[in-house]
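User: I should like to go through this model by question and answer, with the reasoning set out at each step. Please begin once the structure is shown.

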Amino acid sequence: MITLKSPREIELMDKAGDVLASIHIGLRDLIKPDIDMWEIEEYVRKRCKEENMLPLQIGVDGELEDFAYATCCSLNDEVAHAYPRHQKLKEGDMIKVDMVLGLAGDDNDVSKLDFDNVPEMKKITQNFNGGIADSCWAYAVGQISEQAQELMDVTKECLYKGIEQAVVGNRLGDIGWAIQEHAESHGFGVVRDLVGHGVGPTFHEEPMVPHYGVAGKGLRLREGMVLTIEPMINTGTWEIDTDMTTGWAHKTLDGELSCQYEHQFVITKDGPVILTSQGQEGTY
């Protein structure tokens, strides 16, 4: 079922988005060559406790095991949903950090929660019903290759081209077409198996938002919809594979690079308003 969000719901998501954006801004200084990837997870957990934000990815149901981390940290050819882990980042790497946070409110003290107790966290996160923010950002580790930089640039352009189409009266196909046309004009592949989605009251709601499609086709967009657009763009094939040791990490089928950017936004009568913006629109 697709729900149109009330001003109060949008206000709470906007507040959550401001905190999530500030965490992504903090990661800009943290992510550099020779840091341990696990420091990203530790930083996000620390900020969640300081800001009273619930890391809603902890406890998400998995095919083989539940997700146990505040972040997804996907490196180079990893497309999405990879675990943060003890691994040194190298000069030239590209890492995508995805997180979903919930505004806990005055009645809950996140600082007292044990994030490592996944069954207990799951009881809390799966019953959460409040302000949610969802955003992924890509980070260059030191100096990256020209190809990697072009991929990052084009993927970010795809994100904003998709958001530009999210206006009252357009259709979902207009979003997907804008992204696909731009990515493929640069010779890149658009992942089909993972898509954007509605947000609220939980963080995966209808409608699903493909990053490919036909202009003028699909569901009509309406004022009050809150969506994510999160294009995953590859330098090679669009096809991906899943690491079935955990059931979570997705990689490009050909081992080529993948990049992702994601924003959450609300459709208004005056156009889309980004709820997870880190700064100047079209840049952050």
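User: Where does D34 lie?

Analyst: The model is a predicted one. Two helices frame the position of D34: α1 covers residues 7-30 and α2 covers residues 38-51. D34 therefore belongs to neither helix, and its place is the loop between α1 and α2.

User: Is D34 buried or exposed?

Analyst: The class exposed calls for a relative accessible area over 50%. D34 has a relative accessibility of 57%, so its class is exposed.

User: What is the phi of D34?

Analyst: Most residues other than glycine have a negative phi. D34 is a residue other than glycine, yet its phi is positive. The value for D34 is near 80 degrees.

User: Which loop holds N76, and what is the phi of N76?

Analyst: N76 is found in the loop between β2 (72-75) and β3 (78-80). N76 is not a glycine, but its phi is positive. The value is about 55 degrees.

User: What is the omega of the peptide bond from G200 to P201, and where does P201 lie?

Analyst: Most peptide bonds are trans. The bond from G200 to P201 is cis, with omega near 10 degrees. As for its place, P201 lies in the loop between β7 and β8.

User: What is the omega of the peptide bond from E206 to P207?

Analyst: P207 lies in strand β8. The peptide bond that joins E206 to P207 is cis. Its omega is near 5 degrees.

User: How many disulfides does the structure hold?

Analyst: A disulfide requires two cysteine sulfur atoms within 2.5 Å. For C48, the nearest cysteine sulfur is that of C73, 13 Å away, and C48 is in no disulfide. The sulfur of C73 has its closest cysteine sulfur in C72, at 7.7 Å, which is too far for a bond. The number of disulfides in the structure is zero.

User: Are C48 and C73 buried or exposed?

Analyst: The class buried applies under 20% relative accessible area. C48 has a value of 0%, and C73 has a value of 0%. C48 is therefore buried, and C73 is likewise buried.

User: Which strand holds H197, and is H197 buried or exposed?

Analyst: H197 has its place in strand β7, which covers residues 196-198. Its relative accessible area is 3%, and the class buried applies under 20%. H197 is therefore buried.

User: With which side chain does the side chain of H197 make a polar contact?

Analyst: Beyond four places in sequence, H197 is in contact with several residues, among them D134, F203, H204, V226, E230 and E262. A polar contact requires N or O atoms within 3.5 Å. One such contact, at 3.3 Å, joins the side chain of H197 to the side chain of E230.

User: What is the volume of the largest pocket, and which residues are closest to its centre?

Analyst: The space in the largest pocket is about 520 Å³. Its lining has 26 residues, and the elements that give two or more of them are β4 (94-103) and β7. By class the lining has 11 nonpolar, nine polar and six charged residues. Closest to the centre are V60, H81, F203, H204 and W248.

User: How many charged residues are in the lining of the second largest pocket?

Analyst: The second largest pocket has a volume of about 190 Å³. Its lining includes L56, T125, Q126, P201 and F203. The lining divides into six nonpolar and five polar residues, with no charged.

User: How many cavities of 30 Å³ or more are there, and which elements give two or more residues to the lining of the largest cavity?

Analyst: The count is one cavity of 30 Å³ or more, and the largest cavity holds about 30 Å³ of space. Its lining includes I2, K5, E206, P207, V226 and L227. The elements that give two or more residues to this lining are β8 (205-209) and β9 (226-229).

User: What is the distance in space between I10 and P272?

Analyst: I10 is found in helix α1. Not counting residues up to four places away in sequence, I10 touches K5, V226, V266 and L275. I10 and P272 are 262 residues apart in sequence. Their separation in space, C-alpha to C-alpha, is 12 Å.

How values were computed: Residues are numbered from 1 along each chain as its sequence is written. This is a predicted model: local features need pLDDT of at least 70, side-chain atom pairs count only at pLDDT 80 or more; totals for chains, interfaces and linings use all residues. Side-chain values use heavy atoms; hydrogens and water are left out. On a 1 Å grid over the protein atoms alone, a cavity is a set of points where a 1.4 Å probe fits but cannot get out, and a pocket is an open set with protein on both sides within 12 Å along at least five of seven lines; lining residues have an atom within 4 Å of a point. Grid points are joined across faces, edges and corners, and a volume is the space filled by probe spheres set on the points. Helices (H or I, at least four residues) and strands (E, at least two) are DSSP runs, numbered from the N terminus. Buried means under 20% relative accessible area, exposed over 50%, partly exposed in between (1.4 Å probe, protein chains only). A polar contact is a pair of N or O atoms within 3.5 Å; within protein, one must be able to donate a hydrogen and the other to accept it, and residues adjacent in sequence count only if both atoms are side-chain atoms. Contact means heavy atoms within 4.5 Å. Ala, Val, Leu, Ile, Met, Phe, Trp, Tyr, Cys and Pro count as nonpolar, Asp, Glu, Lys and Arg as charged, and the others, Gly among them, as polar.
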